[in-house]
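Student: Please pick one part of this model and take me through it closely, then show me how the rest hangs around it. I'd like one connected walk, not a list.

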Amino acid sequence: MLKFGQNANNFTYPFVLKACGELLLVEIGRRVHCEVVVMGFELDAYVGNSLLVMYSRFGDMEMVKRLFDGMPVRDLTSWNTVISGYTNNRDPFEALLVFGLMGELGVRPDSATLLSVLPACCDLVALKQVIEVHGFIVRNNVGYFDVEVTNSLIDVYCKCSFVIGARTLFEKMSGRDTVTWNSMTLGYVSNGDHFESLRIFCRMISEGARPDQVTLITVLGACDQITALQFGTSVHALITRRGFAMYTIVGTTLIDMYAKCGCLDRSRSVFDEMLEKNLVSWSAMIGALGLHGRGIDALMVFNEMKETGIKPDEVSFTLILSACSHAGLVNDGHCIFNQMMKEYGINPKDEHYSCMVDLLGRAGHLNEAYQFIKAMKVKPTFDVWAAFLSACSANHNIELAEIAARNAFQCKPQRVSPYVLLSNIYASEKRWEDVGRVRSMVRQMGLKKLPGCTFIELDKVVHRFLVGDRSHSQSEAIYAKLEDMRHQLKGLYTPDTSSVFYDVNEDLKEKMLWDHSERLAIAFSLIKTGPGTVIRITKNLRVCRDCHTVIKLISKLVSREIIMRDIHRFHHFSNGFCSCNDYW
Ligand SMILES: [Zn+2]
Ligand SMILES: [Zn+2]
């Protein structure tokens, strides 16, 4: 335009500046800015605001600040641009400062201001500020009835773990949209209350609100956390009815949900029926097979994926290595590890190293695993040492276990699991003094062992059992059933009391083992379900050795298939055997 001798003016500059900002044309943008100064338009409010927008997009907040400070007239747009600029450029602290200044100077914000300020509070996890902004909204009636502002408040409250505050707002709202429902369901999931998130979802459907992909992915994620297979299955039916099944991301989440709820066959059929598979869907299937110890099948899917021309990434390599390790495929694992580096040029990360250590440890090659760690190009992290410690524990090697534990303590002193493992190893060797030493370390550090609990879903209701739980309404029947099984199994095995932390007599130790939450859940399921029904339970920690043995025996005693998910993998117990071949 300038070439034709026409001069730009205060109406055309904003468009040019906007375009420069959007296309990130930094050099040209700066030149236009110089021109603006030369032509004397810098002090024009409209042009000035456009300059703020452009430099915010460039991430040059210094310049934004300088221009803003020099503006003779600042309107609401100027303030909003600066605040959102700071928020978008990850400087939430400055964003809140400008917002505060705005209040001091008596400039009245609008909904747009609030929508920029609230995410800034979120980044700082600054609950106090959110409550202040909320108070401001109520007092000044700005954005009070604005659904977008309220949604943002709900979202930020949840992210600051103030779910009650979010819920109160949610209940007061008259016009909830899909985003509102999504924020609330996701809020409960991210704060660990999966049950409540499913309840919110039920209400959403019954009140006629329309779920979208985000809703469904959130809800399926909640189902897999608490192994709510029946609930997840009905969500799947809804997905099919409402035509969401064609979305790759929804299908991929279904694969994951079914696998984590113990239904590998259904994961497979969702996968096979998918119209379009991307890297994430293939990876989900590989992960699903690995989780269930089906290493050979995982390798087949992995190769099939490569044949279709999809290039594996870091994540898919982690999944396939983990699948090899869960199935004890040492040679295949080695091959894939080399392939990853040589053919695909991916430098191994922490998780790849941990998988390899696990793989070697499982096969009993402890020294090789130790050499492997020592030869690592990067400093071994907690996960690597933790994997090695598990391997030492499974192979009863105290000497190496001590080395592994010492390193694990150093990497993450606040993690209690290595202390528990080390103490178990000492206890199995009856080295009570050492057990006491580890326990007092745990006490001194103020660490708490996460209480073990087991979930089981019956008729779409998820029941949760803690160790020695007597709070269940059918507690008496459950303990009677356990006592009955204990008698029937007596003499069939030697209780492995090494996971009992206390130096008490063996009888009492054995009794304590029978209080473990997974046994309570199984007893409950045996009472409530008919012969032949598959029992599915989920444990939040690693299953202990004794429970593992006992569950194998129970599966034979009552002729039931028991599918258990623990923190690492799945165990399919049937007829006295487990799919993990006793290594987990
Ligand atoms: Zn146990
Ligand atoms: Zn097992």
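**A loop arginine and what surrounds it**

Tutor: Arginine 90 is in the loop between helix H5 (76-88) and helix H6 (92-104); helices here are DSSP runs of H or I with at least four residues, strands are E runs of at least two, and numbering goes from the N terminus. Before going on, keep in mind that this is a predicted model, where local features need pLDDT of at least 70 and side-chain atom pairs count only at pLDDT 80 or more, while totals for chains, interfaces and linings use all residues. Residues are numbered from 1 along each chain as its sequence is written, chains are lettered from A and ligands numbered from 1 in the order in which they are written, and side-chain values use heavy atoms, with hydrogens and water left out.

Look at the backbone of that loop residue. Arginine 90 is not a glycine, yet its phi is positive, at about 60 degrees. That catches the eye because most residues other than glycine have a negative phi. Arginine 90 is also exposed, with a relative accessible area of 62% (buried is under 20%, exposed over 50%, partly exposed in between, with a 1.4 Å probe and protein chains only).

Its side chain has a partner, too. Arginine 90 makes a salt bridge with aspartate 123, with 2.8 Å between the closest N and O atoms (the criterion is a Lys or Arg side-chain nitrogen within 4 Å of a carboxyl oxygen of Asp or Glu). This pair links distant parts of the chain: arginine 90 belongs to the loop between H5 and H6, aspartate 123 to helix H7 (residues 111-124), and they are 33 residues apart. Aspartate 123 counts as partly exposed, at 34% relative accessibility.

The backbone feature comes back further along. Serine 161, again not a glycine, has a positive phi of about 60 degrees. Its loop runs between helix H9 (147-159) and helix H10 (163-172), and at 51% relative accessibility serine 161 counts as exposed.

Now follow the salt bridges, since 26 of them turn up in a search of the whole structure. One network of them links Arg167, Glu171, Arg176, Glu196, Arg199, Arg203 and Glu207. Zoom in on glutamate 207, which is partly exposed, with a relative accessible area of 45%. Arginine 203 bridges to glutamate 207 with the closest N and O atoms 3.2 Å apart, and arginine 203 itself counts as partly exposed at 23%. Arginine 176 meets glutamate 207 as well, at 3.5 Å from N to O. That second pair links distant parts of the chain: arginine 176 is in the loop between H10 and helix H11 (178-190), glutamate 207 in the loop between helix H12 (194-206) and helix H13 (213-225), 31 residues apart. Arginine 176 is partly exposed too, at 22% relative accessibility.

For a contrast in chemistry, turn to the nonpolar surface patch of about 450 Å² made by Met246, Tyr247, Ile249 and Leu275. Patch residues have over 30% relative accessible area and no salt bridge; like charges are joined within 9 Å, nonpolar side chains (Val, Leu, Ile, Met, Phe, Trp, Tyr) within 5 Å. Methionine 246 sits in the loop between helix H14 (229-241) and helix H15 (248-260) and is exposed, at 54%.

Finally, the zinc ion (ligand 1). Its protein donors are His516 (ND1), Cys544 (SG) and Cys547 (SG), 2.0 to 2.3 Å away (donors are N, O and S atoms within 2.8 Å of the metal, or 3.2 Å for Na, K and Ca; water is not among the atoms, so sites may look incomplete). In sequence the spacing of these donors is H-x27-C-x2-C. Histidine 516 lies in the loop between helix H28 (506-513) and helix H29 (517-528), and cysteine 547 in helix H30 (residues 545-557), so the pair ties together parts 31 residues apart in sequence. Both are buried: histidine 516 at 17%, cysteine 547 at 0%.

As for other cysteines, the structure holds 0 disulfides (a disulfide being two cysteine sulfur atoms within 2.5 Å). Cysteine 324 has as its nearest cysteine sulfur that of cysteine 355, 9.1 Å away. For cysteine 453 the nearest is that of cysteine 547, 13 Å away, and cysteine 453 is buried at 7%.

Note on methods
Areas by Shrake-Rupley, 256 points an atom, 1.4 Å probe, with all protein chains shown as cover.
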